[in-house]
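Me: I'm new to this one. Could you walk me through it and explain the labels as we go?

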Amino acid sequence: MWFNVKIQQPLHIEVRESQLHGRGVFAKSKIIKGSLIEQAPIIFLSPQEKEILRFTKLFNYYFLLDNLENPAAFSFGYASFYNHSPEANAFYTFSGKRNTINIYAYKTIEPDCEITINYNGRLGDNSEVYFPNSDES
């Protein structure tokens, strides 16, 4: 079962105010290209559960998936606080077996640098990303 997987909050990253948007995840120490930055537990959401998020503050913090049965996932840890950038310095993968989202360094990230991911799910994908109007950060 997924709850038997030991997951610890990484000590080399932190969440703080971001110049990009609201809060973001920042490196506290140098992170080498290819390193696992964070492995955060996730819960896969049904279409009905995803729809309900629209009416909550969690709406801006879930991941869209290309899966009809589970079109979204909500993550714990810091994973929902990574901001978007088309020139992201990190990327993510999902593990259905471990029920985690895994954030990896795409390039070496220096201390105090904000860690970003491409919300389109593909590095270098410059297509527009849908951001709903919201007062929440």
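**Reading the labels**

Reply: Sure. The protein has one helix and nine strands, where helices (H or I, at least four residues) and strands (E, at least two) are DSSP runs numbered from the N terminus. This is a predicted model, where local features need pLDDT of at least 70, side-chain atom pairs count only at pLDDT 80 or more, and totals for chains, interfaces and linings use all residues. Residues are numbered from 1 along each chain as its sequence is written, and side-chain values use heavy atoms, with hydrogens and water left out.

Me: In what order do the elements come from the N terminus on?

Reply: They run β-β-β-α-β-β-β-β-β-β.

Me: What makes a residue count as buried?

Reply: Buried means under 20% relative accessible area, exposed over 50%, and partly exposed in between (1.4 Å probe, protein chains only). Of the 137 residues here, 39% count as buried.

Me: Why are β4 and β7 said to stand at the edges?

Reply: Start with the open sheet: five strands in the order β4-β5-β3-β8-β7, with antiparallel pairing. β4 (62-64) and β7 (90-95) each have a single partner strand, so one side of each lacks a neighbour in the sheet.

Me: How do you know that β7 and β8 pair?

Reply: Two strands pair if DSSP finds at least two bridges between them. β7 and β8 (residues 100-105) are joined over six bridges in the antiparallel sense, so by that definition they pair. Phe91 sits opposite Tyr104 in β8.
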